Amino acid sequence: MNSRKLLSETRRTFPATKVHCQQPSRILIVDVTSPSWTNTCSALSEALENTLCLACSLAGPCRVPLMNLHVIHPGTTCLLPFPQVRENFARIQACVSELRSLPREGCFPQGGNGVVQAVQDGLQQFKQYSRHTAAGGSTNSSVEVTILTSQSSKEMVNQLEKKLKDVDLVSLRRIQVIEVLKRDFLEPEDVEQCTPAEEPSSNIAILGMDIDVQTIEDNVISLEMLFKTWLHDYGTEREQLHLLLPSGGFSHATAPKTTLMCLKCDLQERLLDPALLSGTVDGITKAADLNSPCQMAAWPATVLYKLRVIKALKSEGVCESVLYGLPFIIKPTSCWQLDWDELEINQHSFHALCHSLLKRKWMLLAKHEPQNPSPNWNIVVHSYYIIVPSDSATLLVKAVAIRELLLPSTFPPLLAEHPERVHGPIESALNSLEVEVAYNPLHLKSNLYKYLKSVLYKPLHRQQAQPRDQRPERHQPKQHQSRAKATVAPLPMVPSPVQVFRPTAVRRDSSEHSLLSKEYEEFLQ
């Protein structure tokens with residue numbers, strides 16, 4: 001996957017007030033007029049459905065709060081007009097099914113300004129939604145647009161530059177133009193899992209915002225990784241981690257403890273925590289306690305962590321058995337409230353730290369500093385972390401065991417000799433195994449998507465029948481009866497696939513199409 005970032009010379013500003021949800025809403029625009037739509041259709045539908053089933057299942061604040069889907073064929077059709085994602089998976093599945101059923105290659109002429117029109121329509125719908133929810137306190141204030149097309153990305157950017165000059169873009173955070181390439185299916189080991197490296201690009205200022213231009217393969221894995229970037233934390237109001245290092249101006253023996261150098265960093269999840277998924281997966285039924293002194297979380301980023309480095313460790317001297325918990329990635333912060341000079345110095349210092357740790361083959365042992373300890377706290381429980389360098393501009397942090405958690409273990413030495421009657425079968429068994437140079441998680445599937453979809457797709461209006469002995473008696477007082485009923489009150493109904501009304505993509509005469517559009521608008525109201 002290749003990308004280049006087109007940055008404007010004018011820095012974009014954000015409101016200083018903190019909103020309830022910092023995750024942007026999503027506008028996805030799919031150009032189905034491309035010649036490769038036949039190949040892209042099934043891969044795109046599967047990848048989108050997989051990602052949104054994760055978004056609906058994860059506990060905590062919703063990572064994709066609102067979703068809008070437009071289809072270009074030579075006109076524009078809105079298949080999903082900003083429903084809340086978490087409560088509407090049945091509706092999302094119906095939308096994906098409709099996307100799959102669209103006519104394939106050769107049915108629509110290519111070209112036109114449908115993409116720009118879809119961007120305008122999506123922004124207008126988001127503006128109307130924001131006004132509608134402003135009275136009760138808007139849950140989010142920004143939106144990002146992702147455009148999937150096989151047209152030339154350069155031409156697409158030129159169209160956006162010309163047509164969107166006079167459009168209100170206050171709520172628009174970013175536009176992604178994704179050029180989908182029709183190539184042979186990539187094997188999992190050939191698919192890049194990391195964020196695409198930035199390439200040099202021409203110095204173009206467009207619309208006073210960021211426009212990301214990327215090229216990806218038209219297969220499920222590439223598209224799924226693209227959509228999964230929506231699940232990351234997009235809050236940039238403040239940094240998430242302060243990495244405190246001893247000042248270099250003193251020796252380790254004479255340096256005062258208060259003299260520290262602070263690197264301002266952000267935390268990023270490497271994996272989704274299975275404990276945050278709804279339902280029971282491998283016996284896990286609830287999320288971990290984020291207030292635990294031995295737990296650090298990158299989502300939601302509501303706490304500023306401080307890790308004070310107390311020792312350096314040789315890389316070969318750390319046993320894997322004493323590391324526990326989910327790993328997190330540490331990156332230099334992108335907090336918008338810092339000025340450019342501070343951001344630049346902080347980034348260079350972070351890179352220098354990564355380089356020096358690699359050169360020395362060191363890891364760092366850090367102690368978690370409590371935040372604003374209350375006078376009522378008589379005892380503070382400290383947690384400790386190992387910080388591991390890599391050959392990229394990131395660090396990896398994992399919790400490390402402490403004395404109180406460690407259990408006694410005996411490790412008997414290996415026997416120098418063993419009977420041949422057992423050595424032969426073991427060697428034969430090992431020789432029969434396929435050997436891979438490195439582990440690639442993309443090779444393994446657990447049917448988790450199927451499980452989550454089966455849980456989410458249960459019709460919400462169907463409630464489990466209440467046992468007769470639990471039903472309220474008719475002679476009970478009214479207040480007791482209403483309380484008993486509250487325990488089995490039906491959940492808010494969500495349209496099932498057969499209940500979703502929207503203008504169909506099938507060609508009809510103008511009068512019938514107008515009638516369908518009118519019914520759809522009334523349904524939304």
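Before I turn to the pairs of strands, let me say that two strands count as paired if DSSP finds at least two bridges between them, and that what we are looking at is a predicted model.

With that in mind, please find strand S10, residues 305–314, which runs antiparallel to strand S12, residues 362–369, and is joined to S12 by 8 bridges; along this pairing, Lys311 stands opposite Leu365 in S12. Strand S10 is also joined by 4 bridges to strand S8, residues 241–246, and here the two strands run parallel, with His242 standing opposite Lys306 in S10.

Let me move on to the interior. The largest nonpolar core has 42 residues, and those that touch the most other members are Leu28, Trp37, Leu44, Leu48, Val85, Leu148 and Phe227. Several elements give two or more residues to this core, among them strand S2, helix H1 and helix H5, and the largest share, 11 residues, comes from H1. If we take Leu44 and leave aside its neighbours within four places in sequence, we find Leu44 in contact with Val30, Trp37, Leu99, Leu148, Leu223 and Phe227. There is also a second, separate core of 25 residues, which includes Val119, Leu172, Ile211 and Val213.

Finally, a search of the whole structure finds 2 cavities of 30 Å³ or more, and the second largest has a volume of about 60 Å³. Which residues line this second largest cavity? Among them are Val30, Asp31, Trp37, Leu44 and Leu148, and the lining as a whole divides into 5 nonpolar, 5 polar and 1 charged residue. Helix H1 gives the most to this lining, with 3 residues.

Notes
Residues are numbered from 1 along each chain as its sequence is written. This is a predicted model: local features need pLDDT of at least 70, side-chain atom pairs count only at pLDDT 80 or more; totals for chains, interfaces and linings use all residues. Side-chain values use heavy atoms; hydrogens and water are left out. A nonpolar core is a set of buried Ala, Val, Leu, Ile, Met, Phe, Trp, Tyr and Cys residues joined through side-chain atoms within 4.5 Å. Buried means under 20% relative accessible area, exposed over 50%, partly exposed in between (1.4 Å probe, protein chains only). Contact means heavy atoms within 4.5 Å. On a 1 Å grid over the protein atoms alone, a cavity is a set of points where a 1.4 Å probe fits but cannot get out, and a pocket is an open set with protein on both sides within 12 Å along at least five of seven lines; lining residues have an atom within 4 Å of a point. Grid points are joined across faces, edges and corners, and a volume is the space filled by probe spheres set on the points. Ala, Val, Leu, Ile, Met, Phe, Trp, Tyr, Cys and Pro count as nonpolar, Asp, Glu, Lys and Arg as charged, and the others, Gly among them, as polar.
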